[in-house]
Structures are given as structure tokens and as C-alpha cells.
Amino acid sequence: MRPTQARLGGGAPNWRTGHWLGDWGSFGGQKQKGIINYGLSPNRQNPFAGALHDAIFNTFRRTKGQIFYWVPPMVAAYYLLDWATERNHYLNSKAGRAEFADEE
């Protein structure tokens with residue numbers, strides 16, 4: 001039985017298998033073309049440039065786009081709860097008990 005590549009030393013070249021794959025991250029194939037990497041020095045970056053300005057105007061824009069989806073249900077729920085509270089107070093009052101006493 002032949003030992004595996006990892007057993008023979010991992011990334012080292014192996015004359016028994018006849019080819020070299022390379023270590024992790026550089027698997028011995030051809031270099032890829034058309035891939036361009038750009039970098040920027042950490043001391044040249046400004047990660048919070050315009051963050052406050054963008055936060056204010058982006059929040060306004062997103063709220064303006066969604067306000068008609070959540071305001072009508074909120075208004076309807078408020079009036080429904082207000083009506084239910086008033087109705088409960090009336091039914092538990094002296095006048096409400098007198099009006100609906102025979103129905104229960």
C-alpha cells in the first residue's frame with residue numbers, strides 16, 4: 001500500500017506521484033489572467049466619511065417609501081383599541097349594566 005501525499009510530508013514535492021501541487025493558497029496551476037487587485041493604505045482610509053449625512057437622508061428616503069405601508073394599519077389599530085376600551089368602560093358602567101342586564 002502506498003502512503004498518501006499528506007503522510008509523506010504535506011506540501012513537500014513528491015517524486016513518487018510525479019507532480020507538485022504546491023502549498024495551501026498556491027496550488028501550482030497557471031496564474032489567472034484578468035484579475036486585478038487594488039489596495040488602499042489603512043492610514044489613507046476614512047471609514048466614516050459622510051456617515052452622518054448619509055444616515056439622515058437615507059433614513060428619510062427609506063421612511064418616505066414605506067410610510068404608507070405601516071401608518072394606515074397603525075391608525076386603524078389605534079382607533080380599534082380606543083373603541084374597544086370605550087365600549088368596555090361603557091359595558092362595565094352603571095348605564096351599560098342596566099341596558100344589557102337582561103341579555104346575559
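**View 1. Burial and surface of the whole chain.** Of the 104 residues in this predicted model, 4% count as buried, meaning under 20% relative accessible area with a 1.4 Å probe and protein chains only, whereas exposed means over 50%. The accessible surface, computed by the Shrake-Rupley method with a 1.4 Å probe, comes to about 10,500 Å², and 60% of this surface belongs to carbon and sulfur atoms. Local features need pLDDT of at least 70, and side-chain atom pairs count only at pLDDT 80 or more. Residues are numbered from 1 along each chain, and side-chain values use heavy atoms, without hydrogens and water.

**View 2. The aromatic pair of Tyr78 and Tyr79**. The structure holds 1 aromatic pair (ring centres within 6.5 Å). Tyr78 and Tyr79 lie 5.6 Å apart, centre to centre, with 70 degrees between the planes, and the pair is therefore edge-to-face, a class that requires planes over 60 degrees apart. Both Tyr78 and Tyr79 are exposed.

**View 3. Ile56 in its helix.** Ile56 is found in helix H1, which spans residues 51–91 (a helix is a DSSP run, H or I, of at least four residues).

Note on methods: Helix = DSSP H or I, 4+ residues; strand = E, 2+ residues; numbered from the N terminus. Phe/Tyr/Trp six-rings, centres within 6.5 Å; stacked < 30°, edge-to-face > 60°.
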